[in-house]
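This report walks through one protein model for a reader who has not met it before. Please look over the sequence and the structure first.

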Amino acid sequence: MRVIDSSRALLLFIWYAVYMECIEAFEKGEVAEFGVPERTLETAISKLFFFGDRVIKVYKRGEYFFANLADKDARKKFYEDDFFWNQAFSPEIYLKLGKHEDDFYIEMKKVDTSQTLTVLLQQNALTVEDISRMTRALVERLHAITTQHPERIKSQLDRAFFDL
């Protein structure tokens, strides 16, 4: 059993309370620019709030194998990295990295889930031309990312290999 000293326990409690305030603010419609969500969806590591054509993602606080999202600095860095990579690959979906009080959120455009790659593959609805077009688009995005952000990519890879 892991023992946590009282100062660390208090800090974790405060961070959890801040997280709950952010979650509750979105749930209750207290974030003025969004209003009351039409629905919410909870995942293993986040909570999603749906507002018309927008979706807000707030990560849960906790220690995960990939990041300590209970730690303020690590949480901020995780949000920044997550938004950077997702926005680089899908700029039409990942719109904004936002802040509510002392927590962060990611604003995304809601997508039509009936047209995802997984669904289309399950329905056997893709042609060879569709797959070729998607492959070209993916290669173009990878090329754009590597030429527009080479230092960011290098530092990300260096850190990833260092953490192994």
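## A report on the model

Asn 124 is located in the loop between H3 and H4. This model is predicted. The phi angle of Asn 124 is near 55°, a positive value in a residue other than glycine. Most residues other than glycine have a negative phi. With a relative accessible area of 67%, Asn 124 is exposed.

Glu 101 also has a positive phi, of about 55°, although it is not a glycine. Its place is the loop between S4 and S5. Glu 101 counts as exposed because its relative accessible area is 52%, and exposed means over 50%.

**Overall layout**

The protein has five helices and five strands. Read from the N terminus on, its elements follow the order α-β-β-β-α-β-β-α-α-α. Of its 164 residues, 31% count as buried. Among the contacts with a separation of 6 or more, 44% are between residues 24 or more positions apart.

**Salt bridges**

Side chains of opposite charge can pair when their charged atoms come close. The structure holds 12 salt bridges. The table lists some of them, with the distance between nitrogen and oxygen.

| Acidic residue | Basic residue | N to O distance |
|---|---|---|
| Glu 33 | Lys 96 | 3.7 Å |
| Asp 82 | Lys 57 | 3.6 Å |
| Asp 130 | Arg 133 | 3.3 Å |

In the table, Glu 33 is paired with Lys 96. This pair links distant parts of the chain, 63 residues apart. Glu 33 sits in the loop between helix H1 (6-27) and strand S1 (39-42), while Lys 96 belongs to strand S4 (residues 94-100). Glu 33 is exposed, at a relative accessible area of 54%, whereas Lys 96 is partly exposed, at 31%.

Another pair in the table is Asp 82 with Lys 57. Asp 82 lies in helix H2 (residues 72-89) and Lys 57 in strand S3 (residues 54-59), so this salt bridge ties together parts that are 25 residues apart in sequence. Both Asp 82 and Lys 57 are buried.

The pair of Asp 130 and Arg 133 lies within a single element: both residues are in helix H4, three residues apart, about one turn of the helix. Arg 133 is partly exposed, with 48% relative accessibility. Elsewhere, Asp 53, Arg 54 and Glu 107 are joined into one network by salt bridges that share partners.

**The surroundings of Asp 82**

Which residues does Asp 82 contact, leaving aside its neighbours within four places in sequence? They are Lys 57, Tyr 59 and Ile 106. With Lys 57, Asp 82 forms the salt bridge already listed. With Tyr 59, the side chain of Asp 82 makes a polar contact of 2.8 Å. Ile 106 is 24 residues away from Asp 82 along the chain, and the C-alpha atoms of the two are separated by 9.1 Å. Asp 82 has a relative accessibility of 15% and therefore counts as buried, the cut-off being under 20%.

**Asp 103**

Another aspartate, Asp 103, is part of strand S5 (residues 103-109). Is Asp 103 buried or exposed? Asp 103 counts as buried because its relative accessibility is 0%. The side chain of Asp 103 is joined to that of Arg 75 by a polar contact of 2.9 Å.

**The largest pocket**

The largest pocket has a volume of about 680 Å³. It is lined by 16 residues, and the closest to its centre are Ser 90, Glu 92, Ile 93, Leu 117 and Met 134. Which helices each supply at least two residues of the lining? Helix H3 (117-122) and helix H4 (128-148) do so. H4 provides the largest share of the lining, five residues. By residue type, the lining of this pocket divides into nine nonpolar, three polar and four charged residues.

Conventions: Residues numbered from 1 in each chain as written. Predicted model: local features only at pLDDT ≥ 70, side-chain atom pairs only at ≥ 80, totals over all residues. Heavy atoms only, no water. 1 Å grid on protein atoms, 1.4 Å probe; cavity = no way out; pocket = protein on both sides within 12 Å on 5 of 7 lines; lining within 4 Å. Points joined across faces, edges and corners; volume = space filled by probe spheres on them. Helix = DSSP H or I, 4+ residues; strand = E, 2+ residues; numbered from the N terminus. Nonpolar A, V, L, I, M, F, W, Y, C, P; charged D, E, K, R; others polar. Buried < 20%, exposed > 50% of the residue type's maximum accessible area, 1.4 Å probe, protein only. Polar contact = N/O pair within 3.5 Å; in protein donor to acceptor, adjacent residues only side chain to side chain. Salt bridge = Lys/Arg side-chain N within 4 Å of Asp/Glu carboxyl O. Contact = heavy atoms within 4.5 Å.
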